[in-house]
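Visitor: Please take a close look at one part of this model, the nonpolar packing and the aromatic rings.

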Amino acid sequence: MNRIKGIVFIVSGAMLWGATGPLMEWLLNHTPLTVSFMLTVRLSVAGILLLTYLLLTGKDIFRIWQQKLWSRQLLVFGVAGMLGVQFAFVAAINESNAVFATLLQFLAPIFVVAYVSLSLKKWPPKYQVIGIIGTLLGLFLLLTNASFDALLVSRKALLWGVAVGLTFAFYTLYPARLMKEWSVLLVVGWGMLIGGFALGIISRIWQSNLWLVFTDLKVTCFMIALIFFGTVAFVLFLSSMKYITAIETSILSSIEPLTAMVISVIVFGTSLGFWQLVGVFVMLACVTWLSVGGGKA
């Protein structure tokens, strides 16, 4: 029964998270909202919601700030980790589409493998090399549809896409000790709030005229859905890990880009060529291979 609960949690979470990409794509394409403004509102509100939830459950959310070691790491995670990956992800959507941006985060395992290999000063195992080569082959097909003539996305979109993979790898590796010492929800809640506030200060959000877009009920509903889906998805993802293995979580997370792809095709009419679709499934299969191999190692 617990295993079924875990599967329901991760599938629901992955589908909700996959839906956030198309929601952001719609907001960026149909409103004057900028990447910075939308992300500032999303991160700040989501962070406040998570921290409020922890307060209501009796958690001391301020104790972490009493220790310099952890507070410094929390600040780094909030700005370089949380804000870094979120900004790169939304910028990639802005320059291309939700399907492309969602899939490019699956480059993260390659950067993780590279970092670990450099740290240990040895070549990665064969299964990781095979997984990396397969993921890059899938990416090539996604970007070119098996044509050497030109990329199907702009170079700027590709750079942001690579940044998604890099920052997602940092987001995964850097806070390991921090999350082990403190609760994951606490670290993520503060990370969102720090990232949102930092971006808001940089972009001077209080001087923006974009607040007026929320007079449109449809835009407001889409923004609420974006914040709600993203926050609930993360909680479901974390909850699932209590009941199922990390390998199962990784495999079932592949539903995320598939959800983004289905919604994008239905809502935006996004179309992918035959070899692009092959590339999508090659990438997902190879990332799964890396996860399964890592679980057996």
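Guide: The core comes first, then the ring pairs.

This is a predicted model, in which local features need pLDDT of at least 70 and side-chain atom pairs count only at pLDDT 80 or more, while totals for chains, interfaces and linings use all residues. Residues are numbered from 1 along each chain as its sequence is written, and side-chain values use heavy atoms, with hydrogens and water left out.

A nonpolar core here is a set of buried Ala, Val, Leu, Ile, Met, Phe, Trp, Tyr and Cys residues joined through side-chain atoms within 4.5 Å. Buried means under 20% relative accessible area, exposed over 50%, and partly exposed in between (1.4 Å probe, protein chains only). The largest core has 55 residues, and those touching the most other members are L27, M38, I64, L178, L186, V188 and W190. Helix α3 gives the largest share, eleven residues; helices are DSSP runs (H or I, at least four residues) numbered from the N terminus. Beyond its neighbours within four places in sequence, M38 is in contact (heavy atoms within 4.5 Å) with M24, L27, L28, V90, M223 and L226. A separate core of 19 residues includes F100, L107, I110 and L139.

Rings of Phe, Tyr and Trp (its six-membered ring) pair if their centres lie within 6.5 Å; planes under 30 degrees apart count as stacked, over 60 as edge-to-face and the rest as tilted. The count is twelve aromatic pairs. F168 and Y171 are stacked because their centres are 6.0 Å apart and their planes at 20 degrees. Both lie in helix α7, three residues apart. F168 is partly exposed at 28% relative accessible area, whereas Y171 is buried at 14%.

Notes: Helix = DSSP H or I, 4+ residues; strand = E, 2+ residues; numbered from the N terminus.
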